[in-house]
Amino acid sequence: MIVGLGNPGPEHAQTRHNAGFRFIDALVEQAGARWSVDSKLFGETAKVDIAGQPVWLLKPATFMNLRGKSVTAAQRFWKIEPEETLLAHDELDLPPGVARLKFDGGHGGQNGLRDTIRLLGHGRFHRLRIG
């Protein structure tokens with residue numbers, strides 16, 4: 001599962017904090033897929049194939065500091081382990097246009113990661129940090 005972190009609403013659409021939303025929107029567009037609203041997962045979902053593998057995408061509709069609610073609901077519903085999850089998010093410590101993959105660790109002040117770690121009890125998931 002790939003989760004894009006960002007804030008809902010047009011006033012946030014072009015902000016740096018929506019780098020995760022823009023990343024998974026590009027995956028959906030490239031695959032020719034469509035978003036569906038899924039209220040039980042507190043967001044929008046799509047399913048795409050990446051390198052021949054089916055991948056669930058999630059764009060939470062909750063605000064950043066409540067992001068873990070959507071992430072953990074999707075993990076339970078789709079029976080996906082945290083270690084099989086990638087959260088794509090903005091990273092203020094990276095210059096614009098730079099991206100880095102990371103596994104495990106703390107939240108680094110990012111509220112979406114903070115809430116997800118709080119609900120999971122650990123930070124053992126993948127992150128795509130986007131500058």
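Is glycine 112 buried or exposed? The views below start with that residue in this predicted model and then move out to the sheet, its helices and the cores.

**View 1. Glycine 112 sits in helix H3.** Helix H3 covers residues 111-120, and glycine 112 is part of that run. Glycine 112 counts as buried because its relative accessibility is 0%, and the cut-off for buried is under 20%. If you set aside the neighbours within four places in sequence, glycine 112 is in contact with Leu5, Met64 and Arg67. Look also for lysine 69: 43 residues separate lysine 69 from glycine 112 in sequence, while their C-alpha atoms are 9.9 Å apart in space.

**View 2. Seven strands make an open sheet.** Following the sheet across, you meet the strands in the order E2-E3-E4-E1-E5-E7-E6, with mixed pairing. Strands E2 (36-38) and E6 (99-103) stand at the edges. Each of these two has a single partner strand, so one of its sides has no neighbour in the sheet. From one strand to the next, the twist averages 30°. As background, strands of a sheet pair through backbone hydrogen bonds, either parallel or antiparallel.

**View 3. Edge strand E6 pairs with E7.** E6 and strand E7 (residues 126-130) run antiparallel and are joined by five bridges. To find one of the partnerships, start at alanine 99, whose bridge partner in E7 is isoleucine 130.

**View 4. Helices H1 and H2 pack on the sheet.** Helix H1 (residues 19-31) touches strand E1 (2-4), strand E3 (43-50), strand E4 (53-60), strand E5 (86-90) and E7. The direction of H1 makes about 140° with that of E4. Helix H2 (residues 67-78) touches E1, E3, E4 and E5, and the direction of H2 makes about 150° with that of E4.

**View 5. The largest nonpolar core has 15 residues.** Met1, Val3, Leu5, Ala74, Trp78 and Leu87 are the members that touch the most other members. H2 and H3 each supply at least two residues of this core, and the largest share, four residues, comes from H2. Zoom in on alanine 74: not counting residues up to four places away in sequence, alanine 74 touches Met1, Leu41, Leu58 and Lys79.

**View 6. A second core is separate.** This core holds 13 residues, including Val28, Ala46, Val55 and Leu128. In soluble globular proteins, nonpolar side chains tend to be buried together.

Key:
Residues are numbered from 1 along each chain as its sequence is written. This is a predicted model: local features need pLDDT of at least 70, side-chain atom pairs count only at pLDDT 80 or more; totals for chains, interfaces and linings use all residues. Side-chain values use heavy atoms; hydrogens and water are left out. Buried means under 20% relative accessible area, exposed over 50%, partly exposed in between (1.4 Å probe, protein chains only). Contact means heavy atoms within 4.5 Å. Two strands pair if DSSP finds at least two bridges between them. Axes are lines fitted to C-alpha atoms, for helices over the stretch in contact, and angles run from 0 to 180 degrees between N-to-C directions. A nonpolar core is a set of buried Ala, Val, Leu, Ile, Met, Phe, Trp, Tyr and Cys residues joined through side-chain atoms within 4.5 Å.
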